[in-house]
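Please work through the following exercises with the sequence and the coordinates open beside you, and try each task before reading its solution.

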Amino acid sequence: MKYVTCLFLVIILVTSCKKEASITNYEEQDWLAGGSQTVFETGSGAYSQTFPVNLSAVALENHEIGDALFEATFITAPAPKNAGLGPLYNAVSCASCHNKDGRGNAPEEGGHSVSLFLKVSEPGVNEHGGPLDLPGFGVQIQPKATFGKLGEAEVNVHYTYETGAFDDGASYELRRPTFSIDNPYIPLPGNYLFSPRFSRPVFGMGLLEAIADATVLMNEDEYDVNNDGITGKANYVWNIYERKMTLGRFGWKAGVPTVLQQVAAAFNQDIGLTNFIFPYENSLNQAQYDNLNDEFELSDSLVYASAMYIRTLAVPARRNVKDPEVIRGKQLFNDAACVKCHTPKHKTKVNMAFPALSNQTIYPYTDLLLHDMGPNLSDNRPEYLAEGFEWRTPPLWGIGLSQSVNNHSYFLHDGRARNISEAILWHGGEALQSKLLYIKMSASDRKALLKFLNSL
Ligand SMILES: [Ca+2]
Ligand SMILES: [Ca+2]
Ligand SMILES: [Ca+2]
C-alpha cells in the first residue's frame, strides 16, 4: 500500500513537472480522472476502491464502517443488528441497487427490477417548491413490504422498438419504455406524476460535492446569452440539514443537495430506516405505517459513516489514453459539442479540514446542471426547478468500465439505452445538435468516439 502510494506520487510529480509548461487545455492529465484520488483497478472492483491518499485514520475507519453498511442486508425489527427494514421498502441493501458501487439491472420487457423505482407526486409544489407527496403513496413507489403489510404497487415496463439510420446508411434500433403501476394496494389518485429512476454509480461523489457552487454556476447560461444553443440551469433544492435552499447536485434531476442527504434519503425511502435527517417512516399517513414512535433505526454515527464511505470512493483512471483512435475520438467529442454539457474538467475548492478532497483537478465530464433533453426523454414531472424535460448532465467518468463492473452497459435515467451509442441517439432538446452530428459521422468516426467514451 505504502509502496503503491509512493509510486503514485512519483508518477504525479514526474508528469506534472514535465507537463506544467505545456498545459493549454484539459487534455494533459485527464487520465487521472479523480486527481490524486485516482485508482488503477480495471476489473469488477473498479468502482469500489477507497481514496488512496490523504485519508485520516478516523475517515478511513468511517469509510470501512460505511462500506460494511452499504453491503449489509437489513431485516425486520426487532433484531440485534441491521434492523428496521420497511414496513415499505424497495430493496434490503444499498448494494442490491448499486451493484459493486455501480448500476443495478435495468428491467426487461414485461418485468421490473429492484434497481429502478418510480418517484411519484401530485401536481403542484410543496412549501419549498419541491414535489408534493402523492396521497397514499408518498414520494416513491415501494413495491415491497414486511410481513403482514401490503406493498404499494408493482412497477412494470414494456418496450416498443423503433429503427433509424445513420447518414452512411447503417441502421440502429432503439427501445422506448412505457412504465405501468400495476395492482396498487389502493386506487391511484386520478392525477399523478411519476419519474422512473435507474440506479447510478456512487464513486467520486465527494469530489463532485467539493466543487464550489460558484464554479458550477460559472457554466450556467439559463437564457443562452452566448447563443450556442446550450443553456445549463442550476437546480435549487431544500437542504434539510441546513434548513435552506441550496444547489442541487445529486440524482438524475440534481434534486439532492449533499451526499449526506442523499444517503439518509436512500436509507429512509429505499430501505425503510428512520434517521435524524428523515425521522419518519416512509409509510407515514398510510395503512402500512407501523405506529411505532421508536428511536431512529439508524444512529447518527452510522448515517455519517455512510456519507463518509460514499464521499471517499475513488475514481478509476482512464485507459488507452495514448491510442490514436482514442485521441481522435476525444477530438470528435469536442467537435460534436458534447463537452458543452459533459464539462471534462473541474477543480475542487480548497478545504483545509478535508485535504483528501481539497484542490483536486478532476475529470468528471459533467457540469452538474440541468438541460432540456427534449420530449423523448421527458418524464413530465418537475422536481424543484427541473422541468419534466430537464435532466442533470450525468458524469461520464468510469463509464467505459460499466461492462467490467456490472456486466452490462445500460444507460440513461430509466436504463432504456442498451449501450453508449443508444444513449447518444436518445439525446434531444439542447443536445439535438450533438446527436445529429453523431448521426452524420462516418462509421470509423463513430467507432473512434465510442472508443474514447470507453476509455473514460
Ligand atoms: Ca423502518
Ligand atoms: Ca411510498
Ligand atoms: Ca449557451
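**Exercise 1: helix α2**

In this predicted model, the buried residues of α2 are N62, H63, G66, D67, L69 and F70. Determine how these residues are arranged around the axis of α2, and compare the expected span of α2 with the distance between its end C-alpha atoms.

Solution. Begin with the directions from the axis: the buried residues cover an arc of only 165°, and therefore they lie on the same side of α2. Turn next to the other side of α2, where A57 and E71 are exposed. Then look for what covers the buried residues, and α6 (300-311) will be found to be included. Finally, check the length: at 1.5 Å a residue, the 15 residues of α2 (residues 57-71) should span 21 Å, and the end C-alpha atoms are 22 Å apart, which agrees.

**Exercise 2: E152**

Locate E152 between its flanking strands, and decide whether E152 is buried or exposed.

Solution. E152 belongs to the loop that runs between β5 (144-145) and β6 (154-165). Because 30 other C-beta atoms lie within 10 Å, E152 is buried; the cut-off for a buried residue is 20 or more. Setting aside neighbours within four places in sequence, the contacts of E152 are L88, F137, I141, Q142, P143, P184 and Y185. F166, by contrast, is 14 residues from E152 in sequence but 43 Å away in space, C-alpha to C-alpha.

**Exercise 3: G251**

Find the C-alpha to C-alpha distance between G251 and W391.

Solution. G251 sits in the loop between β10 (244-247) and α5 (259-271), and counts as buried because it has 21 C-beta neighbours inside 10 Å. Although G251 and W391 are 140 residues apart in sequence, their C-alpha atoms are 9.3 Å apart in space.

How values were computed:
Residues are numbered from 1 along each chain as its sequence is written. Chains are lettered from A and ligands numbered from 1 in the order in which they are written. This is a predicted model: local features need pLDDT of at least 70, side-chain atom pairs count only at pLDDT 80 or more; totals for chains, interfaces and linings use all residues. Helices (H or I, at least four residues) and strands (E, at least two) are DSSP runs, numbered from the N terminus. A residue is buried if 20 or more other C-beta atoms lie within 10 Å of its own, exposed if 12 or fewer, and partly exposed in between; C-beta atoms are placed from the backbone. Two residues are in contact if their C-beta atoms, placed from the backbone, lie within 7 Å. The expected span of a helix is 1.5 Å times one less than its number of residues. The arc is that of the directions from the helix axis to the C-beta atoms.
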